[in-house]
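Let's take a walk through this structure together, with an eye for charged pairs, empty space and backbone details. Have the coordinates open as you read.

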Amino acid sequence: MKKVWIPITYIIFIILIIIPLIRIFTGAMGDGWGGFADALSRPEALHALMMTGLITIVVTIINTLFGVMLSLYLVRAEWLPGKLKQLLNSILDLPFAVSPIIGGLMIVLLLGPNTAIGSLLNEAGISIVYAFPGMVIATLFVTFPMMVREIMPVLQEIGTSQEEAASTLGAYSWYTFWKVTWPAIRWGVIYGIVLTVARCFGEFGAVLVVSGNIINKTQTATTLVYQDVENFNVTAANGVALVLAAFSVGLLLLMEWAKKRKEVH
């Protein structure tokens, strides 16, 4: 059976991954390097790539800080009731169970300009929906589980014996975390960061609903690709998509490097 399934696996991989990447590359280079450079140097493309980068940085920082903290609480906090932990675990997996578009719609219904909370925020001069904060919240919604789901299994695997020993010897909680817990989970954190960044680059549905896709204001790289395709500007769309694909491939290579480093250490 292996002689049958291995070629089938390679064929599926080529059809689903390699051929689309080749098509994106050839489409981006349809007008030569000049056309590719023009597609990326457009004001809307530069702004969209900048917005994607800013959202990625903010979301990754928040995910890292709160993801590590929540993982520690869900695994180590004995004072949390078991049913509450189960509820938090279920809520944590909600982005995996619903469409990102539904997540974006929930944010609009909760914080939109026509809602009570949104109106109060607008009166205070704070815009959430159709602005940068809403785009960050939407991206957080779809990416938050990734960091926690990478760290929790590691914490469960290493147990609490070393942490308890450090505490018995008089180490403070922060010292125990940095000297005992952090060395054990740091590769899980690295995997979580890589997955979070990759998901931020590729997020489309939730951000499209929340941002309104306003040119040079709330447009990200993925929504720009969508707009270019809708306007039949296929070469420009392929150019931006090629940049996103190159980042994604680079992130995958970074993860493989991290795995090898983990095996060495």
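## Charged pairs

Arg42 and Glu44 pair in a salt bridge whose closest N and O atoms are 3.7 Å apart. Keep in mind as you look that this is a predicted model. Of the two partners, Arg42 counts as buried, at 14% relative accessibility, while Glu44 is partly exposed, with a relative accessible area of 22%. The cut-off for buried is under 20% relative accessible area, so Arg42 at 14% falls on the buried side of it.

How many salt bridges does the structure hold in total? The count comes to 4. Behind this kind of contact is a simple idea: side chains of opposite charge can pair when their charged atoms come close.

Another of these pairs is formed by Asp93 and Arg149, whose side chains meet at 3.0 Å, N to O. Asp93 sits in the loop between helix H4 (82-92) and helix H5 (94-97), and Arg149 belongs to helix H8 (residues 132-158), so this pair ties together parts that are 56 residues apart in sequence. Both ends have some access to the outside: Asp93 is partly exposed at 30% relative accessibility, and Arg149 is partly exposed at 25%.

Arg199 and Glu203 also meet in a salt bridge, with 2.8 Å from N to O. Here Arg199 is partly exposed, with a relative accessible area of 25%, whereas Glu203 is buried, at 2%. Salt bridges that share partners also build a network, and the one found here joins Arg42, Glu44 and Asp228.

The three pairs described above can be set side by side.

| Pair | N to O distance | Relative accessibility of the two partners |
|---|---|---|
| Arg42 and Glu44 | 3.7 Å | Arg42 14%, Glu44 22% |
| Asp93 and Arg149 | 3.0 Å | Asp93 30%, Arg149 25% |
| Arg199 and Glu203 | 2.8 Å | Arg199 25%, Glu203 2% |

## Empty space inside

Glu203 leads us on to the next topic, as it is one of the residues that line the largest cavity. Rolling a probe the size of a water molecule over the atoms shows where empty space is left. A search of the whole structure finds 1 cavity of 30 Å³ or more, and the volume of the largest cavity is about 70 Å³.

Which residues line the largest cavity? The lining is made by Thr52, Ile55, Thr56, Thr139, Cys200, Phe201, Glu203, Val207, Thr220 and Thr222. By class, 4 of the lining residues are nonpolar, 5 are polar and 1 is charged. Helix H3 (43-76) and helix H10 (173-202) each supply at least two residues of this lining, and the largest share, 3 residues, comes from H3.

## The open pocket

The largest pocket has a volume of about 760 Å³. It is lined by 23 residues, and the closest to its centre are Leu72, Ser173, Trp174, Phe177 and Thr181. H3 and H10 appear again here: together with helix H9 (161-168), each of them supplies at least two residues of the pocket lining. In chemical terms, the lining of the largest pocket divides into 13 nonpolar, 6 polar and 4 charged residues.

## A helix with two sides

Helix H6 (residues 100-111) has 12 residues, and from its first C-alpha to its last it reaches 16 Å, close to the 16 Å expected at 1.5 Å a residue. Which residues of H6 are buried? They are Gly103, Gly104, Ile107, Val108 and Leu111. These residues cover an arc of only 140° around the axis, which puts them on the same side of H6. The face turned away from that buried side carries the exposed residues Leu109 and Leu110.

## Two asparagines with positive phi

The loop between helix H11 (205-211) and helix H12 (221-230) is the place of Asn213. Its phi is near 55°, a positive value in a residue other than glycine, and Asn213 counts as buried at 15% relative accessibility. Asn216 is found in the loop between H11 and H12 too. Phi of Asn216 is near 60°, again a positive value in a residue other than glycine. Is Asn216 buried or partly exposed? Asn216 is partly exposed, with a relative accessible area of 41%.

Definitions and conventions
Residues numbered from 1 in each chain as written. Predicted model: local features only at pLDDT ≥ 70, side-chain atom pairs only at ≥ 80, totals over all residues. Heavy atoms only, no water. 1 Å grid on protein atoms, 1.4 Å probe; cavity = no way out; pocket = protein on both sides within 12 Å on 5 of 7 lines; lining within 4 Å. Points joined across faces, edges and corners; volume = space filled by probe spheres on them. Helix = DSSP H or I, 4+ residues; strand = E, 2+ residues; numbered from the N terminus. Nonpolar A, V, L, I, M, F, W, Y, C, P; charged D, E, K, R; others polar. Buried < 20%, exposed > 50% of the residue type's maximum accessible area, 1.4 Å probe, protein only. Expected span 1.5 Å × (residues − 1). Arc of directions from axis to C-beta.
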